[in-house]
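Let's take a friendly walk through this structure, one topic at a time. Have the sequence and the 3D view open beside you as you read.

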Amino acid sequence: MFERILVTTDGSPFANLALPVAADLARRYGATLTVLHVVPGPVALTEGAAYAFDYDTERRRQLALGQQILEEAKARIDLPGVQLISREGLRTDEIIAQEVGRGAFQLVVMSTHGRSGLAHFFLGSVAEGLLRRVQVPVFLVRAPEPATAHGDTVHGDSGHADTAPQEART
């Protein structure tokens, strides 16, 4: 069913929750697995004061950090033949969608915050943007919902506590 699977990470513990899920799916389907890290392009917003920004130095630093993130992700996945890809860009969802087309991937696995309301309005959603841009299934891994001080679970969009991975589109 799936021969080529793409998993994304930014190196954060939250994003890395998708790695074992993607590895398990690759094992089950006998698929190849590729890990993608999108290196953010530098954005310099200033007002009033002069600001010196060394673009080349920052770009090299971000590329090196991206390679480190990919190597750490590969070490977390117990699967032979994992491929690593680093791409640069400002719009992560666009870069992922381009890579899906370029690599002929049949499944994308990624984590999602599952934000709603104002948080979603202001921060947006890479997952939502990707769903608009690709025609392949996107498997979304949602982080366990945080517990409150009283031990109750904070409920997200669904109104119930569910820590199982959520599939957005199949």
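Which elements are included in what covers the buried residues of α3? The cover includes four strands, β1 (4-8), β2 (32-40), β3 (83-89) and β4 (107-112), along with helix α5 (126-133). Please keep in mind that this is a predicted model.

## Helix α3

Helix α3 runs over residues 92-103, 12 residues in total. From its first C-alpha to its last it reaches 16 Å, close to the 16 Å expected at 1.5 Å a residue. Its buried residues are D93, I95, I96, A97, E99, V100 and G103. Just after the helix comes A104, whose phi is positive, at about 55°.

One of the buried residues of α3, E99, also takes part in a salt bridge: its partner is R102, and the closest N and O atoms are 2.6 Å apart. Both residues belong to α3 and sit three residues apart, about one turn of the helix. The two ends of this pair are easy to tell apart in the model. E99 is buried, with a relative accessible area of 3%, whereas R102 counts as exposed at 52%.

## The nonpolar cores

In soluble globular proteins, nonpolar side chains tend to be buried together. Here, the largest nonpolar core has 22 residues. I5, V7, L33, V35, I77, L107 and V109 are the ones with the most contacts inside this core. Two or more residues each come from β1, α1 (18-29), β2, α2 (55-76), β4 and β5 (138-142). Helix α1 gives the largest share, seven residues.

L107 is a good residue to click on. Not counting residues up to four places away in sequence, L107 touches F2, R4, I5, L6, L25, P137, V138 and F139. Apart from the largest core lies another core, of 17 residues, with L6, F105, V134 and V136 among them.

## More salt bridges

Side chains of opposite charge can pair when their charged atoms come close. How many salt bridges does a search of the whole structure find? The search finds nine, including the one between E58 and R61, with N and O 2.9 Å apart. E58 and R61 are separated by about one helical turn, because they are three residues apart in helix α2. Both partners are partly exposed: E58 has 21% relative accessibility, and R61 has a relative accessible area of 46%.

In helix α5, the side chains of R132 and E128 meet in a salt bridge at 2.6 Å, N to O. These two are four residues apart, so about one helical turn separates them. R132 is exposed, with a relative accessible area of 60%, while E128 is partly exposed at 30%. There is also a network in which salt bridges that share partners join R91, D93, E94 and R133.

## N16 in its loop

Is N16 buried or exposed? N16 counts as buried, with 10% relative accessibility. You will find N16 in the loop between β1 and α1.

A polar atom of the N16 side chain lies 3.5 Å from the backbone oxygen of G11. Leaving aside neighbours within four places in sequence, N16 is in contact with T9, G11 and R76.

How values were computed:
Residues numbered from 1 in each chain as written. Predicted model: local features only at pLDDT ≥ 70, side-chain atom pairs only at ≥ 80, totals over all residues. Heavy atoms only, no water. Expected span 1.5 Å × (residues − 1). Buried < 20%, exposed > 50% of the residue type's maximum accessible area, 1.4 Å probe, protein only. Contact = heavy atoms within 4.5 Å. Core = buried A, V, L, I, M, F, W, Y, C linked by side-chain atoms within 4.5 Å. Salt bridge = Lys/Arg side-chain N within 4 Å of Asp/Glu carboxyl O. Polar contact = N/O pair within 3.5 Å; in protein donor to acceptor, adjacent residues only side chain to side chain.
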